Amino acid sequence: MKQIWAPWRSVYIGGEHGEGCFFCEKLKSKEDEDNLVLLRGKETFVIMNLYPYNNGHLLVAPKRHVGEIEDLSEEEMMELFKMTRDMVKALRAFKPEGFNVGANIGRVAGAGVPGHFHIHVVPRWNGDTNFMPVLGDTKVISESLEVTYKKIKESLEKNCASLVNKKDI
Ligand SMILES: [Zn+2]
């Protein structure tokens with residue numbers, strides 16, 4: 001089944017203090033599977049992008065509602081990068097040929113949720129188009145988010161077991 005998704009910038013725009021913020025709302029809820037939250041660490045968590053550019057497009061974010069990279073604590077920075085590394089490792093199960101890893105800071109730069117910092121992890125395959133459609137129109141995704149969620153979960157348990165079984169990182 002083919003589904004067409006909006007690009008990542010159309011993610012709901014969050015409020016000033018976490019009120020109505022996409023990340024804070026999902027974090028507050030305990031329905032991780034329904035919310036496509038893949039992993040919770042001590043300072044950070046991982047959620048699937050509801051408007052993925054590619055299959056397996058993940059977002060790694062601090063738990064704290066903080067918008068600017070320079071306001072991140074040392075612990076948050078360390079864990080954001082560790083989580084990003086481990087998500088790349090988990091996504092290797094999809095046999096991507098490359099990754100885009102990065103952050104859009106500020107709405108002008110394409111941030112869909114400018115109030116809550118997050119790192120995009122996007123697996124890439126030869127033949128998917130270049131990076132620009134990320135900021136453009138729509139993109140056809142060949143797999144449902146729920147199916148991809150289950151696959152990534154399986155890969156995490158297989159390849160990053162120490163991470164999944166630990167409460168703190
Ligand atoms: Zn937030």
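**Start in strand β6**

Select Val60 and look across to Ile119, its bridge partner in β6. Residues are numbered from 1 along each chain, in the order its sequence is written. The model is predicted, and local features need pLDDT of at least 70, side-chain atom pairs count only at pLDDT 80 or more, while totals for chains, interfaces and linings use all residues.

Now select β6 as a whole, residues 119-124. Strands here are DSSP runs of E, at least two residues long; helices are runs of H or I, at least four residues long; both are numbered from the N terminus. Is β6 mostly covered or mostly open? It is mostly covered, with 5 of its 6 residues buried. A residue is buried if 20 or more other C-beta atoms lie within 10 Å of its own, exposed if 12 or fewer, and partly exposed in between, with C-beta atoms placed from the backbone.

**Across the sheet**

Add β4, residues 58-62: β4 and β6 pair in the antiparallel sense over 3 bridges. Two strands pair if DSSP finds at least two bridges between them. Next add β5, residues 98-102, which pairs with β6 in the antiparallel sense over 5 bridges. Here Asn100 stands opposite Val122 of β6.

Zoom out. The 5 strands form an open, antiparallel sheet in the order β2-β3-β4-β6-β5. Why do β2 (37-40) and β5 each have one side without a neighbour in the sheet? They stand at the edges, so each has a single partner strand. Neighbouring strands are turned by 15° against each other on average, direction ignored. Axes are lines fitted to C-alpha atoms, for helices over the stretch in contact, and angles run from 0 to 180 degrees between N-to-C directions.

**Helix α4**

Select residues 145-159: helix α4 lies across β2 and β3 (44-48), and runs at about 30° to β2. Its buried residues are Thr148, Tyr149, Ile152 and Leu156. They cover an arc of only 105° around the axis, so they sit on the same side of α4. The arc is that of the directions from the helix axis to the C-beta atoms. Turn to the face away from this buried side: exposed there are Glu146, Val147, Lys150, Glu154 and Lys158.

**Helix α3**

Select residues 74-91, helix α3. Among its buried residues are Leu80, Met83 and Met87. The axes of α3 and α4 come within 8 Å and cross at roughly 105°. That makes α3 roughly perpendicular to α4 (65 to 115 degrees; under 35 is roughly parallel, over 145 roughly antiparallel, the rest oblique). Which residues meet there? Lys89, Ala90 and Leu91 in α3 meet Ile152, Ser155, Leu156 and Asn159 in α4. Two residues are in contact if their C-beta atoms, placed from the backbone, lie within 7 Å.

**Last stop: Pro114**

Pro114 is in the loop between β5 and β6. It has 17 other C-beta atoms within 10 Å, so it is partly exposed. Now show Gly67: it is 47 residues from Pro114 along the chain, yet their C-alpha atoms are separated by 6.1 Å. Leaving aside neighbours within four places in sequence, Pro114 is in contact with Gly67, Gly106 and Arg107.

Methods: Expected span 1.5 Å × (residues − 1).
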